[in-house]
Amino acid sequence: MNLAAPKQILNYIDGQFCDPENGRFMDNVNPATGEVYSQTPDSDADDVQLAVDAAKKAFPAWSTSTPDYRFKILNRIAELIDANLDALALAESNDNGKPLWLSKRVDIPRASDNFRFFATGLMHYASESHSMQGKAINYTLRNPIGVVGCISPWNLPLYLFTWKIAPALAAGNCVVAKPSEVTPMTGYLLCEIAREAGLPDGVLNIVHGGGPHCGASIVSHPEIKAISFTGSTRAGKDIAAVAAPMFKKLSLELGGKNPNIIFADCNWEKMLKTTVQSSFANQGQICLCGSRILVEASIYEQFKTAFVAEVKKLTVGDPLAETSKQGAVVSKTHYEKVLGCIELAKEEGGTVLLGGNALKPEGRCANGYFIEPTIIEGLGPDCRTNMEEIFGPVVSLQSFTTEAEALQLANASDYGLAATIWTENVSRAHRMAAQVHSGIIWVNCWLLRDLRTPFGGFKNSGVGREGGWEALRFFTEPKNVCIEL
Ligand SMILES: NC(=O)c1ccc[n+]([C@@H]2O[C@H](COP(=O)([O-])OP(=O)(O)OC[C@H]3O[C@@H](n4cnc5c(N)ncnc54)[C@H](O)[C@@H]3O)[C@@H](O)[C@H]2O)c1
Ligand SMILES: O=C/C=C/C=C(\O)C(=O)O
């Protein structure tokens with residue numbers, strides 16, 4: 001097959017590519033150039049209804065198909081993603097602004113890993129049984145739910161879209177999915193792959209459009225019984241308000257304001273190298289980025305000097321150039337938001353140690369949305385800069401003197417997604433890991449992912465967990481059968 005980004009993205013319903021019923025399309029912009037380069041459907045409730053109808057029709061056959069059959073198709077999708085790595089990576093980079101090398105090395109390989117992981121996972125899925133001392137035996141069936149909704153954000157488009165779709169399909173559900181309207185391209189290309197892989201019509205339906213019309217129609221549809229959402233805490237609240245009274249199963253992966261806690265006894269070289277990544281990878285647009293850097297006072301000045309020097313070396317520019325470590329942020333709206341956050345940090349009394357400005361590369365990217373990697377210091381835990389998610393190339397530094405103070409600063413947040421702890425003292429690492437309020441703790445590493453582990457956040461960072469059996473459990477309905485002997 002020969003995948004290429006089209007000028008017009010279409011919905012994919014019942015195995016067919018189609019215009020939205022209302023005929024409306026939205027501009028799709030390449031953020032590295034600022035140019036409109038394709039059109040994407042502005043779908044609404046009518047399209048969601050067609051997708052639900054198709055999914056319902058496909059459900060009886062798909063949900064009762066053998067694990068072996070589903071394995072072969074999902075694994076074939078993984079193979080086709082791998083075979084089309086270059087085309088998908090280019091599409092992702094043009095749509096999102098991220099460096100091409102990054103989408104080639106991380107985003108697209110992870111999308112095929114997601115399919116491969118859940119394709120094989122499904123082959124190992126067995127029902128539990130509980131014997132009652134010879135009196136009775138219980139066994140638990142876990143059946144697919146039916147039609148489920150998957151809604152994902154723009155920062156890791158195909159990576160996060162497939163992280164939901166793959167377990168939903170593996171478990172035997174039919175899916176109505178919506179990628180972010182800001183980065184719809186690889187979601188569209190995935191449909192071509194699904195068709196080529198022999199996924200039956202109606203099993204996966206993808207509708208493109210905005211949150212308020214299209215996403216909200218998925219959430220409120222009475223026949224979509226489970227919603228898996230990744231995105232902002234604000235949208236997560238709106239979704240919960242609609243879905244909870246309808247008693248839908250909900251998985252919400254939301255924002256973060258993650259602490260990166262650096263003790264003086266850390267492995268300095270490793271910490272410094274990884275902290276540059278955990279601060280600025282993907283232009284800081286990863287929900288797991290360590291945007292609050294907490295440094296032990298005795299090494300604060302040394303860290304500050306070394307960190308600023310390392311970050312200064314990050315080249316920002318054309319995402320298609322091998323030399324660009326950083327690309328563009330995702331959109332004009334987001335660019336203005338992030339620059340506004342930097343202004344706010346200054347108003348709050350913060351000092352910009354590095355960056356702080358928009359950047360205009362020469363040549364084809366002169367009108368793109370680029371921001372210098374930015375480091376701020378001098379702000380305490382109670383200001384908006386240290387409390388609100390910025391989701392861009394901006395980090396702040398704070399210092400602490402004791403472990404207790406480090407913990408207090410780390411937990412001074414309404415969010416609780418991920419934390420990183422740097423120390424060579426294993427007892428301290430365990431103590432801190434046990435007490436930091438977040439769903440994911442990385443000790444002496446960052447974003448080291450094992451797809452079997454539970455993934456998700458505390459507090460305003462979400463509800464539920466993705467990954468491994470957690471995801472397969474989410475996408476199934478348990479039924480216990482008790483037989484008296
Ligand atoms: N916890 C995680 O795993 C994780 C991962 C990635 C991103 N995020 C978060 O996502 C945010 C950035 O992504 P974004 O700006 O695309 O988020 P967003 O909430 O604006 O949009 C996410 C998706 O939800 C849709 N949507 C928006 N409002 C909706 C509504 N009311 N009903 C249904 N759908 C709706 C959007 O169209 C999009 O597809 C950040 O807050 C980031 O932390 C979290
Ligand atoms: O931006 C958020 C990143 C989420 C990452 C995952 O969900 C994952 O690695 O599984």
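**Two domains, their shared core and two ligands**

The shell around ligand 1 takes at least three residues from each of two domains, domain 1 (11–254 + 461–484) and domain 2 (259–453); the bounds of these domains come from an automatic or database domain assignment. The model is predicted, so local features need pLDDT of at least 70 and side-chain atom pairs count only at pLDDT 80 or more, while totals for chains, interfaces and linings use all residues. Residues are numbered from 1 along each chain as its sequence is written, and chains are lettered from A and ligands numbered from 1 in the order in which they are written.

The shell around ligand 1 holds 30 residues, of which Pro-153, Gly-211, Gly-215, Gly-231 and Ala-235 come nearest. A residue counts as near a molecule or strand if its C-beta atom, placed from the backbone, lies within 6 Å of it. Helices H7 (211–220) and H8 (233–243) each supply at least two residues of this shell, and H7 gives the most, with four. Helices (H or I, at least four residues) and strands (E, at least two) are DSSP runs numbered from the N terminus. By class, the shell around ligand 1 has twelve nonpolar, 13 polar and five charged residues. Here Ala, Val, Leu, Ile, Met, Phe, Trp, Tyr, Cys and Pro count as nonpolar, Asp, Glu, Lys and Arg as charged, and the others, Gly among them, as polar.

Ligand 2 is likewise surrounded by residues of both domains, with at least three from each. Among its neighbours are Asn-155, Trp-163, Cys-287 and Arg-449. Seven residues of this shell are nonpolar, one is polar and one is charged.

The centres of the two domains, taken over C-alpha atoms, are 30 Å apart. Their contact takes 23 residues from domain 1 and 25 residues from domain 2, two residues being in contact if their C-beta atoms, placed from the backbone, lie within 7 Å. On the domain 1 side, helix H4 gives the most, with five residues.

The largest nonpolar core has 135 residues, and Leu-74, Val-175, Val-176, Ile-261 and Ile-262 touch the most other members. Such a core is a set of buried Ala, Val, Leu, Ile, Met, Phe, Trp, Tyr and Cys residues joined through C-beta atoms within 7 Å; a residue is buried if 20 or more other C-beta atoms lie within 10 Å of its own, exposed if 12 or fewer, and partly exposed in between. Both domains give residues to this core, so it lies between them.
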